[in-house]
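Welcome, and thanks for taking a look at this one with me. Below are some numbered notes to read alongside the structure.

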Amino acid sequence: MKRVTKLLSVLAAGAIFMGALTGCGGSKESAGGDTIKIGGLLEMTGGSASFGISSKNGIDLALKKINEKGVLGGKKLSLTVADTKSEASEATNGMQKLISQDKVVAVIGPNQSSAVIAAGAINNGSKVPAITPMGTNPDVTVDPKTQKTREYSFRTCFIDPFQGTVMANFASKELKVQKAAILIDNTSDYAKGLAQFFKENFVKNGGAVVAEEAYLQKDTDFKATLTKIKAAAPDFIYIPGYYQEVGLIVKQAREMGITVPMAGGDGWDSSKLPEIAGKAALDNTFFSSLYSPDDVSDLNKEFVAEYQKAYNAKPDVFAALAYDSALLVAKAIEDAKSTEPAKIGAALAKISGFKGVSGEVTFNEQHNPIKSAVIIEHKDGVQTFKTKVNP
């Protein structure tokens with residue numbers, strides 16, 4: 001999902017150089033013995049720690065399942081975690097460590113698009129595949145300058161153009177709103193991308209965007225901005241940000257008497273959101289996502305039961321997508337019949353018809369899966385399945 005600045009461009013350039021120095025990751029060490037090391041580059045601390053914690057839970061659960069049989073004749077997968085601290089620069093450092101020091105053969109994560117893009121220079125330079133559970137920005141897998149697919153970058157989620165379009169159509173056709181305000185996290189590529197595609201499609205549907213405002217990550221007081229939005233009299237507010245700021249925005253908006261429906265993307269999906277916003281404030285709010293624990297498929301029912309048993313909570317989208325990501329890595333290792341990272345990457349690109357708890361995965365030429373979206377509604381602070389939208 002975030003911040004691609006001049007600083008990150010410099011980091012990326014250095015990362016490519018360092019990737020060349022480190023070679024192809026840790027295939028030799030990881031291939032030895034009965035253990036194959038994979039990396040988890042996750043947001044374990046910082047403003048988006050909820051994402052990383054859920055992802056690690058999902059990966060751990062998947063590895064438990066995988067290791068019951070093992071891969072390549074019984075070898076076990078082990079997870080080494082590096083903390084991005086919810087920062088793109090830390091993601092770059094973490095990817096470098098996982099590949100050059102920990103010698104992993106593949107990496108799962110990060111979830112935030114800017115972090116994925118920044119760290120992508122490292123794993124692509126080193127020819128080590130990385131799969132993000134939730135990095136939805138199109139640039140994650142495609143270089144915007146050359147329009148070439150990043151050979152060793154993959155994702156398990158859909159991309160922002162689809163997600164932004166889904167919410168624009170839901171607002172126009174289901175909620176029947178005509179005037180929207182957009183409040184964007186100006187430090188986030190994820191938020192900017194969603195806002196762009198929401199606006200384009202909402203206007204195409206005959207709606208009008210009456211206000212566009214911005215904030216910065218880690219802001220806590222949104223009253224001045226919300227006052228401007230309230231004056232524009234929208235009947236809908238689109239906030240494509242992350243749960244920390246979104247929770248405060250929703251809380252402060254309701255306190256100011258703004259009662260219109262509000263909505264966003266999968267960055268809202270956190271058990272912390274009701275704690276921050278307050279349960280009542282979240283009534284009449286919605287977000288698009290890739291997954292609902294209420295999905296009735298047999299695979300998902302089994303996953304939800306196992307997750308609840310292990311963690312005493314329902315899985316969120318980050319847990320589900322990370323779970324599927326780990327299973328995809330294991331399948332690629334089996335298909336490649338090798339622990340060499342480049343061969344694992346080539347096998348990932350060929351995966352077709354993989355059935356996961358979040359839906360079916362067939363990678364296209366840009367290493368993106370085509371998947372359905374769900375709309376989640378909050379009712380008294382509880383996520384409830386609203387509807388499913390097919391691509």
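1. How many Å apart are the mean positions of the positive and negative charges of the protein chain? They are 2 Å apart, taken over 45 positive and 42 negative charges. Please keep in mind throughout that this is a predicted model.

2. Let us start with the overall build. The protein chain holds 13 helices and 14 strands. Its C-alpha trace spans about 65 × 45 × 35 Å along the principal axes. A compact globule of 391 residues would have a radius of gyration near 21 Å, and the protein chain, with 20 Å, agrees with that.

3. Next, the surface. The accessible surface of the protein chain is about 15400 Å², and carbon and sulfur atoms account for 52% of it. Of the 391 residues, 57% count as buried.

4. A good place to begin tracing strands is the open sheet of five, where the order is β2-β1-β3-β4-β5 and the pairing is parallel. Its edge strands are β2 (76–83) and β5 (153–155), each of which pairs on one side only. Further in, strand β1 (residues 35–42) runs parallel to strand β3 (residues 107–108), and two bridges join them. If you would like a residue to look for, Gly-40 has Ile-108 in β3 as its bridge partner.

5. Just after that spot comes a detail of the backbone. Gly-109 and Pro-110 are joined by a cis peptide bond, with omega at about -5°. Pro-110 lies in the loop between β3 and α5 (113–125).

6. Now for the aromatic rings, of which the structure holds 15 pairs. One of them is formed by Phe-154 and Phe-363, an edge-to-face pair with 5.6 Å from centre to centre and 65° between the planes. This pair links distant parts of the chain: Phe-154 sits in strand β5, while Phe-363 sits in the loop between β12 (359–361) and β13 (373–379), 209 residues apart. Both Phe-154 and Phe-363 are buried.

7. Another pair is arranged in its own way. The ring centres of Phe-198 and Tyr-238 are 4.2 Å apart and the planes stand at 20°, so this pair is stacked; planes under 30 degrees apart count as stacked. Because Phe-198 belongs to helix α7 (residues 189–204) and Tyr-238 to strand β8 (residues 236–238), the pair ties together parts that are 40 residues apart in sequence. Phe-198 and Tyr-238 are both buried.

8. There is also a cluster to pick out on screen: ring pairs link Phe-51, Tyr-190, Tyr-242, Tyr-243 and Phe-318.

9. Is strand β10 (residues 285–289) enclosed or open? Five of its five residues are buried, so strand β10 is largely enclosed by the rest of the structure. In a regular strand, side chains alternate between the two faces of the sheet. Here both faces of β10 are covered, with Thr-285, Phe-287 and Ser-289 buried on one side and Phe-286 and Ser-288 buried on the other.

10. The neighbours of β10 are worth following too. Strand β9 (residues 262–264) runs parallel to β10 and is joined to it by three bridges, with Gly-264 opposite Phe-287. Four bridges join β10 to β13, and these two run antiparallel. There, Ser-288 stands opposite Ile-375 in β13.

11. For another buried position, turn to Ile-182 in strand β6 (residues 179–185). Ile-182 has 0% relative accessibility and therefore counts as buried. The C-alpha atoms of Ile-182 and Ser-289 are separated by 19 Å, and these residues are 107 apart along the chain.

12. Finally, here are two lysines to check for their backbone angles. Lys-127 has a positive phi of about 60° although it is not a glycine, and it lies in the loop between α5 and β4 (130–132). Lys-337 has a positive phi near 55° and is found in the loop between α12 (317–336) and α13 (341–349). Which of the labels exposed, partly exposed or buried fits Lys-127? At 41% relative accessibility, Lys-127 counts as partly exposed, whereas Lys-337, at 70%, counts as exposed.

Methods. Residues numbered from 1 in each chain as written. Predicted model: local features only at pLDDT ≥ 70, side-chain atom pairs only at ≥ 80, totals over all residues. Heavy atoms only, no water. Pairing = 2+ DSSP bridges. Phe/Tyr/Trp six-rings, centres within 6.5 Å; stacked < 30°, edge-to-face > 60°. Buried < 20%, exposed > 50% of the residue type's maximum accessible area, 1.4 Å probe, protein only. Rg over C-alpha atoms; globule rule 2.2 N^0.38 Å. Areas by Shrake-Rupley, 256 points an atom, 1.4 Å probe, with all protein chains shown as cover. Lys, Arg positive; Asp, Glu negative; His and termini not counted. Charge placed at Lys NZ, Arg CZ, Asp CG, Glu CD.
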